[in-house]
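This report describes one protein structure in plain terms. Please look at the sequence and the structure before reading on.

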Amino acid sequence: MDAHRTASVSRVYVPNQYTVWLSTEDHRRLEGYERSLEQELSAYVLEHARRHDYALLTRPEVNLEEDDRLRLGEFGIQTRLVKPPARQGEAPSQGEQGHTMVYSAPPRQSRRERRRPAGRLVETKAIVTLDDRRYVLEGPVAVLGRSRECDCVLSDPNVSRRHAELRRGSTGDWQIVDLDSTNGVKVNDRQVGTTRLSPGDEVTLGTTRFIFDIDQ
C-alpha cells in the first residue's frame, strides 16, 4: 500500500485490491481457513489506511492465489486500484495491475551472528525488476541463477545454475559478482566481473535483462 500510493490535490489514494501469490505448498497449508485469512488481512489493510489517512475508493479486498513458480516461503503481492461502478449493474473499473513484488524469507541467523554487537550497518534491500515481477532481496547476499535453490530464479537456458551474486556493503550499497558463469555479466552493456551497482542500472545475465534498484 505504502509503495503504490498516489497523491492528488488534497488526498492520497492507495490500491484497494491486493492479490497475494503463494507457492503451491504454502497455499495448500491454508486449506480450510483461507477465506478467514483473506478477511483478516483485508481488515488489517483497512486499519493501516485509516491510521495514515489514506483514501480508499472501496473497502480493500485481499485474495490469496497460487503460483507454482514460487518456492516455499516466498510470496508475491500485486496491487490494483479498482473504481466502484458509476451506476448500479455496471462492473467496477479496474486499473492496470502493478508489478508483483516477490519477497523471500530472510536466512536464519546463527546464535553467534545474533550476539555480534551492532555496528553502523545500513540494511538496505536489493530490488530486481524483471518483466512483470519485482524481487525484493533481503541480503546481505543474494544468488541469481537458473537453479531453484537461488534467491532469484531466472528461467533462461543461457543463465548458469549459480550465475551471479548480489552483495550488500556495510554502507547499504550493493555490488554484483560473476560466479564464473558461462555467459558472463553485463551492466549497462559493459562486461564486468565485479562492480558496484547504482539504482537504475540495467543488468544482463545470459539473455535476461533486469533493472536494479535499492529499497531504503
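Leaving aside its neighbours within four places in sequence, with which residues is Asp-67 in contact?

## The surroundings of Asp-67

The model discussed here is predicted. In this model Asp-67 is in contact with Trp-21, Leu-22, Ser-23, Thr-24 and Arg-133, once its neighbours within four places in sequence are set aside. Asp-67 belongs to the loop that runs between β4 and β5 (75-80). Ser-23 is 44 residues away from Asp-67 in sequence, yet their C-alpha atoms are 5.5 Å apart in space.

The side chain of Asp-67 has two polar contacts to look at. A polar contact of 2.3 Å links it to the side chain of Arg-133. The side chain of Asp-67 also reaches the backbone nitrogen of Arg-69, at 2.9 Å. Asp-67 has a relative accessible area of 8%. A residue counts as buried under 20%, so Asp-67 is buried.

## The protein as a whole

The protein contains three helices and 19 strands. Of its 216 residues, 39% are buried. The exposed area of the protein is about 13400 Å², and carbon and sulfur atoms supply 45% of that area.

Contacts can also be sorted by how far apart the two residues are in sequence. Among contacts with a separation of 6 or more, 54% are between residues 24 or more positions apart.

## The sheet of ten strands

Strands of a sheet pair through backbone hydrogen bonds, and the pairing is either parallel or antiparallel. One open sheet in this protein has ten strands, in the order β4-β3-β5-β8-β10-β9-β19-β18-β15-β16, and its pairing is mixed. The edges are held by β4 (61-66) and β16 (190-192); each has a single partner strand, so one side of each has no neighbour in the sheet. From one strand to the next, the twist averages 30°.

Within this sheet, strand β9 (residues 125-130) and strand β10 (residues 133-137) run antiparallel and are joined by five bridges. One of the bridge pairs is Leu-130 with Arg-133 in β10. Arg-133 has already appeared above, as the partner of Asp-67 in a side-chain polar contact. Helix α2 (residues 34-51) lies across β3 (17-22) and β4, and runs at about 135° to β4.

## The sheet of five strands

Another open sheet is formed by five strands in the order β12-β11-β13-β14-β17, again with mixed pairing. Which strands stand at its edges? They are β12 (152-153) and β17 (194-197); each has a single partner strand, so one side of each is left without a neighbour in the sheet.

The bridges can be followed from strand to strand. Strand β11 (residues 141-145) and strand β13 (residues 164-168) run antiparallel, with four bridges between them. Here Ala-142 has Leu-166 in β13 as its bridge partner. Five bridges then connect β13 to strand β14 (residues 174-178), also antiparallel, and Leu-166 stands opposite Ile-176 in β14. β13 and β14 make a hairpin with five residues between them, and Gly-172 in the turn has a positive phi of about 95°.

## Thr-195 and the edge strand β17

Four bridges join β14 to β17, and the two strands run antiparallel. In this pairing Gln-175 stands opposite Arg-196 in β17. Thr-195 is also found in strand β17.

Is Thr-195 buried or exposed? Its relative accessible area is 15%, so it counts as buried. Leaving aside neighbours within four places in sequence, Thr-195 is in contact with Gln-175, Ile-176, Val-187 and Arg-190. Ile-176 is the residue that Leu-166 stands opposite in the hairpin strands described above.

## The cysteines

How many disulfides does the structure hold? There are zero. A disulfide requires two cysteine sulfur atoms within 2.5 Å. For Cys-150, the closest cysteine sulfur is the one in Cys-152, at 8.4 Å, which is too far for a bond. The reverse holds for Cys-152, whose closest cysteine sulfur is in Cys-150.

Both residues can be placed by their accessibility. Cys-150 has a relative accessible area of 1% and is therefore buried. Cys-152 has a relative accessibility of 0%, so it is buried as well.

Notes: Residues numbered from 1 in each chain as written. Predicted model: local features only at pLDDT ≥ 70, side-chain atom pairs only at ≥ 80, totals over all residues. Heavy atoms only, no water. Pairing = 2+ DSSP bridges. Axes fitted to C-alpha atoms, helices over the stretch in contact; angles between N-to-C directions. Contact = heavy atoms within 4.5 Å. Buried < 20%, exposed > 50% of the residue type's maximum accessible area, 1.4 Å probe, protein only. Areas by Shrake-Rupley, 256 points an atom, 1.4 Å probe, with all protein chains shown as cover. Polar contact = N/O pair within 3.5 Å; in protein donor to acceptor, adjacent residues only side chain to side chain.
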